[in-house]
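Subject: Structure for you to look at, with notes

Dear colleague,

I am handing over the structure we spoke of, and below it I have set out what was found. Please read the notes with the coordinates open beside you.

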Amino acid sequence: MDKAASYVRVSSKEQKEHGYSLQAQKKLLSTYAKSKGLTISKEYEEAETAKKAGRTQFKQMIKYLKANPSVQHILVEKTYRLYRNFRDLVTIHDLERNIHLVKEGTIIGPESRSHDKFIHDIKIVLAKNYIDNLSEETSKGMRAKAELGLWPSFAPLGYINNRETKGIDVDFQRAPIIRNLFEEYVRGKMNLREGEKFVWERGLRTRKGNLVSKSNIYKMLTNPIYIGDFKWDGVYYKGKHNPIVSRDVFEKVQGILNDRSKPRKRNHKFAFRGLLKCGSCGRPITAEIQKGKYIYYHCTRTGPKCTEKAVREEKLAEMLGEPLKRLRISEERLEWIIQALKESHEDKKRFKAEEVGKLEKEYQGLGRKIDQLYEDKLSGLIPVNFWKSKYQEYVSRQERINERIEEHRNAGEDYLENGVRILELAQKAYSIYVTQDSWEKRKILDLIHSNSVLKGGKVYMELRKAFDMIADGVVQEEKLRREKAPEEAINNNWLLR
Ligand SMILES: [Zn+2]
């Protein structure tokens with residue numbers, strides 16, 4: 001008999017207002033298990049109370065399922081019993097088990113009806129998308145800070161973060177050592193290893209108290225932050241902070257470093273360069289112009305060492321477009337997706353409210369701590385210096401929480417829109433692709449693919465998760481249609497799977 005884990009949960013509100021019990025759910029699940037010929041090998045009960053909000057049993061179950069691959073089923077009354085938030089949804093999905101939603105009458109898993117699975121998958125795509133969006137919001141905030149000339153992150157060695165100005169100040173203990181390092185380097189006869197020794201002897205350590213390594217020395221010597229500018233996310237910004245090193249010295253150092261490193265070959269720009277790996281030896285596929293006009297793509301390791309043949313750009317573009325055909329969604333499916341979108345929009349709202357609620361609680365907790373601290377200072381329980389540093393710590397933590405609340409606010413706004421955009425892009429990807437030039441084609445591919453390989457003159461493409469799921473759904477739909485009407489069978493010649 002197949003083994004299953006069952007999970008029941010009631011919230012404190014349900015217990016109080018409706019008298020819902022765990023017993024009723026347990027009974028339902030065990031009756032169901034019998035009817036399906038499943039053995040419940042482990043039961044998990046979660047009775048939430050206002051006091052303990054965490055889900056210890058949920059975590060236990062995840063652990064158990066990870067350790068017991070033979071348990072292939074999860075039994076639960078309804079979707080929302082299992083997934084309290086988006087993160088849960090993603091966690092469960094990654095386990096790749098059959099999830100029996102008993103009251104809803106659906107099983108989500110490898111053998112589930114393609115319709116159910118597809119809607120479920122779309123929910124996961126959007127959940128992941130929301131979480132990805134959150135981190136994007138964070139980086140947006142950092143970019144905005146960079147544009148103001150403020151270093152957005154932890155101060156590099158030689159500087160310290162200033163919580164009031166939100167900028168960085170010169171660290172007067174470490175800065176002179178760094179300045180000396182640059183000057184010594186210009187004087188010559190010092191390599192990176194000696195630079196490492198130089199700063200060690202003068203007492204410069206990383207923030208954790210470790211050795212500033214050779215590679216860190218190189219990073220420092222090339223970091224424009226020390227002349228008052230900085231690079232963030234590949235963009236060069238004029239900083240507002242004070243320099244430690246003069247531009248003259250800095251440029252001399254760059255000159256010495258450049259002389260020491262080997263001169264690099266200048267490369268032409270090719271649209272699909274860096275997109276593919278060689279399937280025979282794993283090296284990147286590069287390009288060159290032959291006979292003055294034809295662009296050929298080939299493995300960087302040519303000749304007898306790698307026998308992978310070169311491919312003309314036109315041919316390569318055609319092959320790269322082929323997997324995009326898999327993304328075309330039927331009208332019928334679009335309807336299902338809209339339904340799923342609406343459902344998951346509700347999930348999202350709940351998740352957002354929960355997360356924001358948690359953050360607000362944390363914020364208030366810090367406020368109480370600040371008050372207590374102030375009283376302790378007044379009554380002479382703690383020294384002023386201690387009060388000052390603790391106070392600043394709490395206030396900056398509050399600021400960070402405010403930023404996170406803001407991120408949630410922003411991430412949520414275009415949630416539905418994003419879902420629609422993913423689907424639209426999927427549906428139109430191929431038709432857009434064929435009408436565009438190589439550079440535009442490359443942009444579409446970058447959005448959609450995660451890994452591509454050239455092997456035996458053929459392209460093998462792995463899609464990004466979201467698009468892979470959509471493609472999967474389309475393939476399943478085709479399969480279903482074929483089963484219903486074999487005469488309509490379409491010869492799907494996908495390059496993958
Ligand atoms: Zn190769």
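I begin with a pair of helices: helix α8 (residues 192–201) packs against helix α9 (residues 214–221) at an angle of about 90°, and their axes are 8 Å apart. Since angles of 65 to 115 degrees count as roughly perpendicular, α8 is therefore roughly perpendicular to α9. On the α8 side the contact is made by L192, R193, G195 and E196, and on the α9 side by K214, I217 and Y218. Please bear in mind throughout that this is a predicted model.

Turning to the sheets, five strands form an open sheet of mixed pairing, in the order β2-β1-β3-β4-β5. Its edge strands are β2 (38–47) and β5 (106–108), each of which pairs on one side only, and the twist from one strand to the next averages 20°. Within this sheet, strand β1 (residues 2–10) runs parallel to β2 and is joined to it by nine bridges; as a point of reference for the register, A5 has K42 in β2 as its bridge partner. Two helices lie across β1, β2 and β3 (71–76): helix α2 (residues 22–36) runs at about 160° to β1, while helix α3 (residues 56–67) runs at about 150° to β2.

A second open sheet, also of mixed pairing, is formed by three strands in the order β10-β14-β15. At its edges stand β10 (277–278) and β15, and because each has a single partner strand, one side of each is left without a neighbour in the sheet. The pairing of β10 with strand β14 (residues 449–455) is parallel and extends over two bridges, with L454 of β14 as the bridge partner of C278.

There is also a hairpin, in which strand β8 (residues 229–232) and strand β9 (residues 235–238) run antiparallel and are joined by four bridges. D229 stands opposite K238 of β9, and in the turn, where two residues lie between the strands, D233 takes a positive phi near 55°.

As for the interior, which residues have the most contacts inside the largest nonpolar core? That core has 34 residues, and the ones in question are F272, L327, A426, F467 and I470. The elements that give two or more residues to this core are β11 (285–290), β12 (294–299), α11 (313–321), α14 (415–435), α15 (438–448), β15 (458–463) and α16 (465–484), and α16 gives the most, with six residues. If you would like a single position from which to view the packing, L327 may serve: leaving aside its neighbours within four places in sequence, L327 is in contact with A426, Q427, A429, Y430, F467, I470, A471 and V474. Apart from this core lies another, of 26 residues, which includes W151, Y185, V212 and V253.

One of the contributing helices, α11, can be described further, its buried residues being L316, A317, L320 and G321. Seen down the axis of α11, these buried residues fall within an arc of 135°, so they line one face of the helix. The spacing agrees with a general rule: an α-helix has 3.6 residues a turn, so residues three or four places apart point the same way.

With best wishes

Notes: Residues numbered from 1 in each chain as written. Predicted model: local features only at pLDDT ≥ 70, side-chain atom pairs only at ≥ 80, totals over all residues. Core = buried A, V, L, I, M, F, W, Y, C linked by C-beta atoms within 7 Å. Buried ≥ 20, exposed ≤ 12 C-beta atoms within 10 Å, placed from the backbone. Contact = placed C-beta atoms within 7 Å. Pairing = 2+ DSSP bridges. Arc of directions from axis to C-beta. Axes fitted to C-alpha atoms, helices over the stretch in contact; angles between N-to-C directions. Parallel < 35°, antiparallel > 145°, perpendicular 65-115°, else oblique.
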